[in-house]
Amino acid sequence: MSAAGQLPVGPTAAPTFRRLVRAEFTRLLLRRFTRVTLAVCAIGFLVAVGVVWATHSNVTPDDIAQATAQRDDQIAQIKAQVAQCAAQNPGAVQEHCGMVPTPEQFPIDQFLHHHPFTPSMVDSYAMAAAIACAMAACIIAATSIGAEWSSKNLVAWLFYEPRRLRLMGAKLLALCGLLLPLAVIAQLLWWGAAALLL
């Protein structure tokens, strides 16, 4: 064998921490499950924004007229029940039969099928987006460590790798480097979508 074809013999230099983090980040991104989960999250976000847009449509005058008619029917039914109770119990006190509500006590918002999207709803939907991101992050992290266990890498870097803390730190940093920006991007996208919905 010629000298040019021989492999170098001797101790090889350990990879730097930055190269280690880059390798772990690349490996995490190349996992099919990670890519599928991120794609499902993106599709789910678009579907959720579409559902919010369809559910909280603008109220038309026909919707207000229909809600007003339903409110008036409800008040008429309560008035008939109070009158029937008063007729059956002539000496009954007012608290026994109840009172007939005024239209101001029955806002028509309760009878609208579609409510407009208001600024007070933005925070609750932002919390829902944060919970969805946390669930996706938990799934990606759990399957990542599960893949390490199933390939027997976990045992190797726990017991046989002398620089195990560097390796654990690189894996953790790669995982956080993917999931934390994902959460921030999801919140920024939601605030942008909320501004459009408003």
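**Note on an all-helical predicted model**

1. Helix 1, residues 17-30, has 14 residues, which at 1.5 Å a residue should span 20 Å, and its end C-alpha atoms do lie 20 Å apart, in agreement with that expectation. The coordinates discussed here and below belong to a predicted model.

2. Within helix 1, the buried residues are L20, V21, E24 and L28. Viewed down the helix axis, the buried residues of helix 1 fall within an arc of 95°, so they line one face of the helix. The face turned away from that buried side carries R18, R19 and L30, which are exposed. An α-helix has 3.6 residues a turn, so residues three or four places apart point the same way.

3. As to what covers this face, the buried residues of helix 1 pack against helix 2 (32-55), helix 5 and helix 7 (164-197). A residue of helix 2 that deserves a look is T34, which counts as buried because its relative accessible area is 1%, where the cut-off is under 20%. Leaving aside residues up to four places away in sequence, T34 touches L28, I140 and L178. Of these contacts, L28 is one of the buried residues of helix 1, while I140 is among the buried residues of helix 5.

4. The charged residue on the buried side of helix 1 merits separate comment. E24 has a relative accessible area of 12% and is therefore buried, and it forms a salt bridge with R27, the closest N and O atoms being 3.2 Å apart. Both E24 and R27 lie in helix 1, 3 residues apart, or about one turn of the helix. R27, at 36% relative accessibility, counts as partly exposed.

5. E24 also meets the side chain of K171 in a salt bridge, with an N to O distance of 3.1 Å. This pair links distant parts of the chain, since K171 lies in helix 7 and E24 in helix 1, 147 residues apart. K171 and E24 are both buried. The count for the model comes to 2 salt bridges, and E24, R27 and K171 are linked in a network of them.

6. Helix 5, residues 122-150, has 29 residues and should span 42 Å at 1.5 Å a residue, which agrees with the 42 Å between its end C-alpha atoms. Its buried residues are V122, A126, A129, C133, A136, A137, I140, S144 and E148. Helix 5 is followed by K152, whose phi is positive, near 65°.

7. On the surface, a nonpolar patch of about 590 Å² is made by W149, V155, L158, F159 and Y160. Helix 6, residues 153-159, supplies the largest share of this patch, 3 residues. V155, which is found in helix 6, is partly exposed, with a relative accessible area of 32%; that value lies over the 30% that membership of a patch requires.

8. For the chain as a whole, there are 7 helices and 0 strands, and the sequence order reads α-α-α-α-α-α-α. Of its 198 residues, 23% count as buried, and the chain exposes about 13,900 Å², of which carbon and sulfur atoms supply 68%. Among contacts between residues at least 6 apart in sequence, 80% join residues at least 24 apart; the salt bridge between K171 and E24 offers an example of a link between distant parts of the chain.

Key
Residues numbered from 1 in each chain as written. Predicted model: local features only at pLDDT ≥ 70, side-chain atom pairs only at ≥ 80, totals over all residues. Heavy atoms only, no water. Patch = residues over 30% accessible without salt bridge, like charges linked within 9 Å, V, L, I, M, F, W, Y side chains within 5 Å. Areas by Shrake-Rupley, 256 points an atom, 1.4 Å probe, with all protein chains shown as cover. Salt bridge = Lys/Arg side-chain N within 4 Å of Asp/Glu carboxyl O. Helix = DSSP H or I, 4+ residues; strand = E, 2+ residues; numbered from the N terminus. Buried < 20%, exposed > 50% of the residue type's maximum accessible area, 1.4 Å probe, protein only. Expected span 1.5 Å × (residues − 1). Arc of directions from axis to C-beta. Contact = heavy atoms within 4.5 Å.
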